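Here are my notes for your first read-through, as numbered points. Keep the structure open beside them and look up each residue as you go.

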Amino acid sequence: MTAKLRMGKIISVKRLNNSVNGNPRYEVTAEVQGEGEITLVTKSDAQIGYTIDNKLWRSEHLAMWYHKTRTGNYILDKMA
């Protein structure tokens, strides 16, 4: 699972249920360079859950680090 770095633009952010430890999780739909429109989720108990806010990230082009799991899900690791 090697993380990819791509430029992308967030289209929507959806709040998911908290992790068992009470930390926030999100589902992010983004237009990613070289991939098209993909849906990513944040890991349970990851710091990025605290940095995602719908108003803050929408309509900005961002550097996004993510990886694809064996089952085909995209996990958002970091944004800048």
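1. Let's settle one word before we start: two residues are in contact, or touch, when heavy atoms of theirs lie within 4.5 Å. With that in hand, try L40, which touches Y26, E27, V28, A30, M64, Y66, Y74, I75 and L76, leaving out residues up to four places away in sequence.

2. A word on where this comes from: the model is predicted, so local features need pLDDT of at least 70 and side-chain atom pairs count only at pLDDT 80 or more, while totals for chains, interfaces and linings use all residues. Residues are numbered from 1 along each chain as its sequence is written, and side-chain values use heavy atoms, with hydrogens and water left out.

3. Now the overall fold. Five strands make a closed barrel, in the order β1-β2-β3-β5-β4, and the pairing is mixed. Strands here are DSSP runs of E with at least two residues, helices are runs of H or I with at least four, and both are numbered from the N terminus. Two strands pair if DSSP finds at least two bridges between them. On average, neighbouring strands of this sheet are turned by 55 degrees against each other, direction ignored (axes are lines fitted to C-alpha atoms, for helices over the stretch in contact, and angles run from 0 to 180 degrees between N-to-C directions).

4. Start walking around the barrel at β1 (residues 4–16) and β2 (residues 25–32), which run antiparallel and are joined by 8 bridges. Which residue of β2 stands opposite L16? That's R25. Elsewhere along these two strands, K9 stands opposite E31.

5. Next come β2 and β3, again antiparallel, with 6 bridges. V32 faces G36 of β3 across this pairing. The hairpin of the two strands has 3 residues between them, and there G34 takes a positive phi near 85 degrees.

6. On the other side of β1 you'll find β4, paired in the antiparallel sense over 6 bridges. Here K4 stands opposite Y66 in β4. β4 also pairs with β5, antiparallel once more, over 5 bridges, and K68 has Y74 in β5 as its bridge partner.

7. Have a look at G72, in the loop between β4 and β5. This hairpin has 5 residues between its strands, and G72 takes a positive phi near 95 degrees. Is G72 buried or partly exposed? It's partly exposed, because its relative accessible area is 32% (buried means under 20%, exposed over 50%, and partly exposed in between, using a 1.4 Å probe and protein chains only). The C-alpha atoms of G72 and N17 are 21 Å apart, with their places 55 residues apart along the chain.

8. On to the inside. In soluble globular proteins, nonpolar side chains tend to be buried together. A nonpolar core here is a set of buried Ala, Val, Leu, Ile, Met, Phe, Trp, Tyr and Cys residues joined through side-chain atoms within 4.5 Å. The largest one has 17 residues, and L40, I52, M64, L76 and M79 touch the most other members. At least two residues come from each of β1, β2, β3 (36–42), β4 (61–68) and β5 (74–79). Strand β2 gives the largest share, 4 residues.

9. T29 belongs to β2. T29 counts as buried because its relative accessibility is 12%. Setting aside residues up to four places away in sequence, T29 touches K9, I10, I11, S12, E37, I38 and T39.

10. Now the rings. A search of the whole structure turns up 1 aromatic pair. Y66 and Y74 form this edge-to-face pair, 5.8 Å centre to centre with 65 degrees between the planes. (Rings of Phe, Tyr and Trp, its six-membered ring, pair if their centres lie within 6.5 Å; planes under 30 degrees apart count as stacked, over 60 as edge-to-face and the rest as tilted.) Both Y66 and Y74 are buried.

11. Finally, compare two loop residues. S19, in the loop between β1 and β2, is buried because its relative accessible area is 9%. Among the residues S19 touches is D45. D45 lies in the loop between β3 and α1 (54–57) and is partly exposed, at 38%. Although D45 is not a glycine, its phi is positive, about 60 degrees.
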